[in-house]
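Biologist: I would like to go through this model with you. Shall we take the side chains, then the sheet and the helices?

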Amino acid sequence: MHDPTGPSGRLPSDAASRWELYRLLADPVRPRLLALAAAEELGVGELSELLREGQPKISRHAAALRDAGLLLARKQGTWTLLRLSPGAATDPVVADAVRAGTAACEADGTLERIGEVIAGRDAATREFFARGGRPVRSGPPLELGAYLAAIAPLLPHRALAVDVGTGDGALLEVLSPLFERVIAVDRAEAQLALAEERIRRRELANVDLVQGEYDAPELRNRVMSKAGDTGGADVVFAARVLHHAPKPARAMAALKNLARPSGGAVCVLDYEAHDDQALCEQEADLWQGFDPETLRRMAVDAGLADVTIRRLPRAWQGDGPDRHLVWQLLVGRHSEEMQGTAENSKRTR
């Protein structure tokens with residue numbers, strides 16, 4: 001649309017142009033329309049409702065004011081939203097028209113009704129959710145990645161995460177939106193194939209898959225190369241891995257060695273001690289969980305500090321064959337000072 005206002009934002013001042021402007025604003029509907037558009041960006045239908053005029057008539061008036069550069073229009077779906085052009089009211093004639101229109105709209109209560117019209121915009125939305133909205137589905141929302149991406153900037157350390165024993169990669173859907181880079185490791189080629197398919201389907205472009213053992217030098221070298229100057233991952237996750245480890249204490253130490261020395265976190269999700277031998281045989285578990293004190297001692301002996309352990313709500317445990325067990329989450333931090341204390345303790349035993 002041609003903007004007839006000059007660089008100063010004022011309308012042309014020649015006599016012919018001024019006469020056209022007076023003629024344009026002579027219709028009493030137009031000053032009122034300008035006043036409403038100055039108060040709020042409104043749709044043509046909303047202006048029609050407020051001014052109690054037919055929508056075609058409002059559209060014609062709005063088109064004339066747009067052509068003169070007094071109104072700006074913005075398309076929003078099937079809507080055309082109108083607002084007063086920036087700088088238009090610096091022209092004294094236009095300013096007088098807006099003042100006159102405002103006074104008229106105040107006198108008959110039109111300005112007060114703007115709030116009601118705006119509130120009516122979401123009438124369909126209110127009705128939709130009053131009926132219950134969309135059907136409720138259990139479990140994490142499918143748009144979880146979007147929510148996690150919004151949370152990510154709030155985390156102070158999110159350069160690199162390691163998912164040890166990634167399996168089919170379910171945890172990667174949480175880690176990928178939160179961290180800049182993710183390394184996922186598993187020793188089973190079949191599991192990594194499932195994880196790779198998940199990565200492709202869910203567009204988790206920042207994930208590197210590694211086949212190997214969690215304590216292999218190759219994995220640690222890979223983590224160090226990605227970590228740069230920090231010397232390790234910001235967070236190392238081991239979700240339901242420890243009960244498969246031949247030597248859980250050694251596994252805990254290997255997890256710690258992948259975390260950066262300056263406070264890198266280790267998160268171990270595993271079962272409390274249980275007596276379901278049948279499940280162990282079914283799932284090829286080596287250990288029937290760990291009592292919390294044993295788990296804590298392993299973490300401290302590995303050189304982790306600030307160790308916390310908490311039970312998780314059963315509702316968070318999915319619908320797998322292990323959902324009836326008690327799940328616990330251990331979180332500790334790699335501490336060089338704690339590592340020295342742990343080594344001294346071992347030597348004096």
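Biologist: Is Cys280 buried or exposed, and at what relative accessible area?

Modeller: Keep in mind that this is a predicted model. Buried means under 20% relative accessible area. Cys280 falls under that cut-off, so it is buried, with a value of 3%.

Biologist: What is the relative accessible area of Cys267?

Modeller: The cut-off for buried is again under 20%. Cys267 meets it, so this cysteine counts as buried. Its relative accessible area is 14%.

Biologist: How many disulfides does the count come to?

Modeller: A disulfide is a covalent bond between the sulfur atoms of two cysteines. The rule asks for two cysteine sulfur atoms within 2.5 Å. By this rule the number of disulfides is 0.

Biologist: Which residues form an aromatic pair?

Modeller: The count comes to 1 aromatic pair. Its rings are 6.3 Å apart, centre to centre, with 50 degrees between the planes. Stacked needs under 30 degrees and edge-to-face over 60, so a tilted pair is what remains for Tyr271 and Trp327.

Biologist: How many residues apart are Tyr271 and Trp327?

Modeller: Tyr271 belongs to strand E8 (residues 262–271), and Trp327 to strand E10 (residues 327–335). Tyr271 is buried at 4% relative accessibility, and Trp327 is buried at 5%. The pair links distant parts of the chain, and the separation is 56 residues.

Biologist: Which strands stand at the edges of the open sheet with the order E1-E3-E2?

Modeller: The sheet has 3 strands with antiparallel pairing. An edge strand here has a single partner strand, so one of its sides lacks a neighbour in the sheet. That describes E1 (42–43) and E2 (71–76).

Biologist: Which residue in E3 stands opposite Gly43?

Modeller: E1 and E3 (residues 79–84) run antiparallel and are joined by 2 bridges. Opposite Gly43 stands Leu81.

Biologist: At about what angle does helix H2 run to E3?

Modeller: H2 covers residues 29–39. The helix lies across E1, E2 and E3. Its angle to E3 is about 95 degrees.

Biologist: Are H2 and H5 roughly parallel or roughly perpendicular to each other?

Modeller: H5 spans residues 92–107, and its axis is 7 Å from that of H2. Residues in H2, including Leu34 and Ala38, meet residues in H5, among them Val98 and Cys105. The packing angle is about 85 degrees. Angles of 65 to 115 degrees count as roughly perpendicular, so H2 and H5 are roughly perpendicular.

Biologist: How many of the 8 residues of helix H3 are buried?

Modeller: H3 runs over residues 44–51 and is mostly covered. The buried residues include Val44, Glu46 and Leu51. Their cover includes H2, E1, helix H4 (55–67), E3 and helix H6 (114–119). The buried number is 6.

Biologist: Which residue with a positive phi follows H3?

Modeller: Its phi is near 55 degrees. The residue is Arg52.

Biologist: Is Arg240 exposed or partly exposed?

Modeller: Arg240 is not a glycine, yet its phi is positive, about 55 degrees. It lies in the loop between strand E7 (235–239) and helix H12 (248–258). Its relative accessible area is 35%, so Arg240 is partly exposed.

Biologist: What is the relative accessible area of Ala284?

Modeller: Ala284 lies in the loop between helix H13 (277–283) and helix H14 (292–302). Its phi is positive too, near 60 degrees. Exposed means over 50%, and Ala284 is therefore exposed, at 54%.

Definitions and conventions:
Residues numbered from 1 in each chain as written. Predicted model: local features only at pLDDT ≥ 70, side-chain atom pairs only at ≥ 80, totals over all residues. Heavy atoms only, no water. Pairing = 2+ DSSP bridges. Helix = DSSP H or I, 4+ residues; strand = E, 2+ residues; numbered from the N terminus. Contact = heavy atoms within 4.5 Å. Axes fitted to C-alpha atoms, helices over the stretch in contact; angles between N-to-C directions. Phe/Tyr/Trp six-rings, centres within 6.5 Å; stacked < 30°, edge-to-face > 60°. Buried < 20%, exposed > 50% of the residue type's maximum accessible area, 1.4 Å probe, protein only. Parallel < 35°, antiparallel > 145°, perpendicular 65-115°, else oblique.
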